[in-house]
Amino acid sequence: MEEQTALIRLDDINYEFPLILGTEGEKAFDIRSLRTKSKFIAFDEGYGNTGSCLSDITFIDGEQGVLRHRGYPIEQLAAKSTFLETAMLIIYGELPAEESLAVFRKRVSSSASVHTSMHHHFEGFPGNSHPMSILSAMLNALGAYYPEMSSNDRDQDLAHFDETAALLISKVRTLAAMTFRMKKGLPFVAPNHSRGYCENFLHMMFTEPYFDYIDSVGAGDALDLFLRLHADHEQNCSTSTVRMVASGGANLFASVSAGVCALWGPSHGGANMAVVQMLEDIHASGDDGTRFIEAAKEGKAKLMGFGHRVYKNYDPRAKILGKTVEQVLTQIGVDDPLLNIARRLEQSALEDEYFVSRKLYPNVDFYSGILLRAIGIPPEMFTVMFAIGRMPGWIANWKEIAENPKGRIHRPRQIYTGHGLRDYQALEKR
Ligand code: CMC
């Protein structure tokens with residue numbers, strides 16, 4: 001069969017470019033030779049039409065609301081898996097056998113403590129620092145404690161990859177809990193290696209001198225689901241930042257630290273905190289959501305937790321959380337008025353022409369904050385929780401970059417729209 005190509009006519013010259021077909025029928029034409037051949041570049045602000053890489057990790061069909069990691073639908077992973085198992089799937093490509101999962105679990109649990117001299121880093125932060133600023137700084141600082149894993153020598157960093165991956169998944173959780181304690185002026189709680197991943201996190205967050213935190217209501221399971229649902233999401237803002245930083249040869253610690261910064265903004269991971277703030281404001285104002293929806297339609301406000309660059313249908317993670325959140329609240333014994341407001345907002349938006357015509361549906365952040373609130377996590381920490389969940393995705397994407405012998409530094413071009421040539425000497429003669 002004749003090989004298909006894309007034909008582009010520029011300045012009366014025809015150029016042919018090969019087509020690329022993804023496993024799920026995703027189509028692209030390969031313009032890597034475009035500038036060399038034609039002197040043209042493609043302009044795509046926001047990268048909505050640009051494939052920046054070939055990746056085996058996650059597949060999203062935004063029109064159909066499909067999300068799969070390494071081929072497994074998110075619904076199945078949400079129902080059957082655990083965060084650590086899903087992390088291994090995302091990082092290594094296969095669901096692990098019992099033995100290798102046990103090795104990984106042990107590696108994660110034995111890496112939970114941080115060097116005591118790192119405790120002093122926390123003292124340097126003002127009490128009102130944002131937890132995301134602390135987390136990003138701490139993850140980068142962590143690399144300095146492991147020079148053999150953060151050498152920026154690709155072969156050496158890859159030789160230590162298994163250790164580094166488990167260490168980061170473990171310590172990001174410890175650093176997050178320490179950040180929470182530091183901001184509350186509470187002493188740090190050492191990890192308890194006999195507890196599972198989420199139980200240990202809750203212990204480091206909430207144990208007090210005369211109160212050993214015991215999870216009797218299934219908060220750990222709810223948290224595990226939250227983390228699983230955030231574990232990876234293709235080439236989003238923070239993951240493509242991780243890949244960008246990694247493409248210059250930077251180590252995994254530096255790359256994920258940059259990922260935390262990229263995640264912070266309200267259009268990305270910061271949305272979960274913004275949703276709860278929005279629901280609280282609506283609640284305090286006595287609005288049933290109608291006024292807020294009208295303001296959003298007039299462009300005076302944004303319905304946080306709604307809309308997505310890729311999903312033009314329900315975000316499948318929001319569907320799972322929307323169904324689960326009520327059950328979790330009942331189990332934990334919390335009656336949150338914000339849940340009713342969220343449900344009303346969702347209903348109104350899904351019936352409103354403005355949202356329907358723009359294909360705006362709830363995204364993962366719409367219900368996740370209500371779940372975290374029920375567990376006792378304050379809004380300021382929500383995006384940190386997202387970062388803990390996203391760590392496997394960042395690690396897997398760093399690995400893809402690091403293991404690609406043909407990989408090139410990521411360096412987009414631009415269309416310059418500033419002044420034409422100016423003469424400094426003319427200025428001197430004024
Ligand atoms: N509320 C009201 N209008 C909206 C919203 C919203 N949440 N989102 C998009 N629109 C409108 C937007 O104003 C535009 O209208 P018009 O065509 O009249 O100009 C239209 O819908 C298309 O929006 P867009 O800005 O082109 O969409 P985008 O792909 O550039 O942005 C987004 C995607 C997620 C940044 C945006 O939908 C948004 O800001 N949502 C709220 C923040 C949020 O929930 N972010 C979390 C994203 S999911 C988690 C993650 O992956 O990080």
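## Strands, helices and a loop residue

Helices and strands are DSSP runs, numbered from the N terminus; a helix (H or I) has at least four residues and a strand (E) at least two. The structure described here is a predicted model. With these terms, D11 can be placed in the loop between β1 (5–10) and β2 (13–21). D11 counts as exposed because its relative accessibility is 63%, and exposed means over 50%.

The backbone of D11 deserves attention. Most residues other than glycine have a negative phi. The phi of D11, however, is positive, near 50°, although D11 is not a glycine. Y47 likewise is not a glycine and has a positive phi, of about 55°. The residue Y47 sits in the loop between α1 and β4 (58–61), and with a relative accessible area of 52% it is exposed.

## Strand β2 and a contact across the chain

Y15 belongs to strand β2. With a relative accessibility of 12%, Y15 counts as buried, whereas D11, in the loop that leads from β1 to β2, is exposed at 63%. Although Y15 and S38 are 23 residues apart along the chain, their C-alpha atoms are separated by 7.9 Å.

A second pair of this kind involves E208 and V189. These two residues are 19 residues apart in sequence, and their C-alpha atoms are 8.2 Å apart in space. E208 is located in the loop between α9 (197–206) and α10 (219–229). Its relative accessibility is 31%, so E208 counts as partly exposed.

## A nonpolar patch on the surface

Which residues make the nonpolar surface patch? The patch is made by L19, F29 and I31 and covers about 250 Å². Of these, I31 lies in the loop between β3 (27–29) and α1 (34–38). With a relative accessible area of 31%, I31 is partly exposed. Because a patch takes in residues with over 30% relative accessible area, the value of 31% allows I31 to be included.

## Salt bridges

How many salt bridges does a search of the whole structure find? The search finds 15. One of them joins E24 and R68, whose closest N and O atoms are 3.1 Å apart. This pair links distant parts of the chain, 44 residues apart: E24 is in the loop between β2 and β3, and R68 is in strand β5 (residues 66–69). Both partners count as partly exposed, E24 at 44% relative accessibility and R68 at 24%.

Another salt bridge is formed by the side chains of E380 and K183, at 3.5 Å from N to O. E380 lies in the loop between α18 (365–375) and α19 (382–402), while K183 lies in helix α8 (residues 161–184); the pair therefore ties together parts that are 197 residues apart in sequence. E380 is partly exposed, with a relative accessible area of 29%, and K183 is also partly exposed, at 22%.

A further salt bridge connects E298 with K300, the closest N and O atoms being 2.6 Å apart. K300 is exposed, with a relative accessible area of 66%. In addition, E280, D336 and R373 are linked in a network of salt bridges.

## The ligand and its surroundings

There are 19 residues around the ligand, and those that come nearest are H268, K302, L303, G305 and R309. By class, the shell consists of 8 nonpolar, 7 polar and 4 charged residues.

Which protein atoms lie 2.8 Å, 2.9 Å and 3.0 Å from oxygen atoms of the ligand? A polar backbone atom of G305 is 2.8 Å from a ligand oxygen. An N or O atom in the side chain of N363 is 2.9 Å from an oxygen atom of the ligand, and a polar side-chain atom of R358 lies 3.0 Å from one. Taken alone, the ligand exposes 940 Å², of which the protein buries 71%. G305 thus appears twice in this account: it is among the residues that come nearest to the ligand, and its backbone provides the polar atom at 2.8 Å.

Conventions:
Residues are numbered from 1 along each chain as its sequence is written. This is a predicted model: local features need pLDDT of at least 70, side-chain atom pairs count only at pLDDT 80 or more; totals for chains, interfaces and linings use all residues. Side-chain values use heavy atoms; hydrogens and water are left out. Patches are made of residues with over 30% relative accessible area and no salt bridge: like charges are joined within 9 Å, nonpolar side chains (Val, Leu, Ile, Met, Phe, Trp, Tyr) within 5 Å. Accessible areas come from the Shrake-Rupley method with a 1.4 Å probe; for residues, only the protein chains shown count as cover. A salt bridge is a side-chain nitrogen of Lys or Arg within 4 Å of a carboxyl oxygen of Asp or Glu. Buried means under 20% relative accessible area, exposed over 50%, partly exposed in between (1.4 Å probe, protein chains only). A residue is near a molecule or strand if one of its heavy atoms lies within 4 Å of it. A polar contact is a pair of N or O atoms within 3.5 Å; within protein, one must be able to donate a hydrogen and the other to accept it, and residues adjacent in sequence count only if both atoms are side-chain atoms. Ala, Val, Leu, Ile, Met, Phe, Trp, Tyr, Cys and Pro count as nonpolar, Asp, Glu, Lys and Arg as charged, and the others, Gly among them, as polar.
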